[in-house]
Amino acid sequence: MQATQTIALVAQFVHEQQAITAKNRNQGLLISIIASIVAIMIALFIARQTSRVVARPIISLSEVMRRLANGHLDDRLPELHRGDEIGDMTRAVIVFQENARKVRILEAEAEIERQRIFSQLENKVTERTEVSKKLCKVS
C-alpha cells in the first residue's frame with residue numbers, strides 16, 4: 001500500500017510540475033510578446049523622432065538649395081541655429097547664397113557698364129557721322 005501511495009504522490013507531483021511548467025511557458029510567451037510589442041513601439045518612436053530631427057531639415061535644406069540653384073536668392077534658410085552637421089550645411093549654403101547675390105550684383109554692374117560704353121560709342125559714331133556730313137557739304 002505504501003508503494004501505491006508513493007507512486008500516487010510521485011504522479012501527483014509530476015502532474016503539478018507539468019502544470020507549473022506549462023503555466024510558466026505561457027507566461028514566458030506572453031512576456032515575450034509584450035516585450036516585442038514594446039520594442040516595436042520604441043523603434044517606431046525613434047524612427048519618427050529621427051525623421052523629425054534629421055530627415056525633415058535635410059529635405060527642407062535640399063529644397064532651398066534647389067530654389068537657390070534656380071535663382072531664388074531671397075529664400076530664408078532654416079535650421080541655421082543648429083550646432084550639428086545640418087547647421088554646418090545650412091551655413092555653407094548661406095555662403096553660396098551670398099556669393100550668388102554678389103554675382104548677380106556684379107552682372108548688373110557689368111550690364112550698366114556695357115550700356116554706358118555702348119552709349120558712348122553710339123554718341124561718338126553719331127558725332128563722327130555728323131562731322132562727316134558737314135565735311136561732305138563743305139567739299
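**Notebook: salt bridges and helix α1**

I looked up Arg 67 and Asp 75 and found that their side chains meet in a salt bridge at 2.6 Å, N to O, where the term stands for a side-chain nitrogen of Lys or Arg within 4 Å of a carboxyl oxygen of Asp or Glu. The model is predicted, so I note that local features need pLDDT of at least 70 and side-chain atom pairs count only at pLDDT 80 or more, while totals for chains, interfaces and linings use all residues. Residues are numbered from 1 along each chain as its sequence is written, and side-chain values use heavy atoms, with hydrogens and water left out.

I then checked accessibility (buried is under 20% relative accessible area, exposed over 50%, partly exposed in between, with a 1.4 Å probe and protein chains only). Arg 67 counts as partly exposed at 32%, whereas Asp 75 counts as buried at 19%.

Searching the whole structure gave me seven salt bridges. One of them joins Arg 91 to Asp 88, with the closest N and O atoms 2.9 Å apart, and because these two lie three residues apart in helix α2, about one helical turn separates them.

Next I turned to helix α1 (helices are DSSP runs of H or I, at least four residues, numbered from the N terminus). Its 68 residues, 2-69, should span 100 Å at 1.5 Å a residue, and I found its end C-alpha atoms 97 Å apart, which agrees; the expected span is 1.5 Å times one less than the number of residues. I listed Pro 57, Leu 61, Val 64 and Leu 68 as the buried residues of α1.
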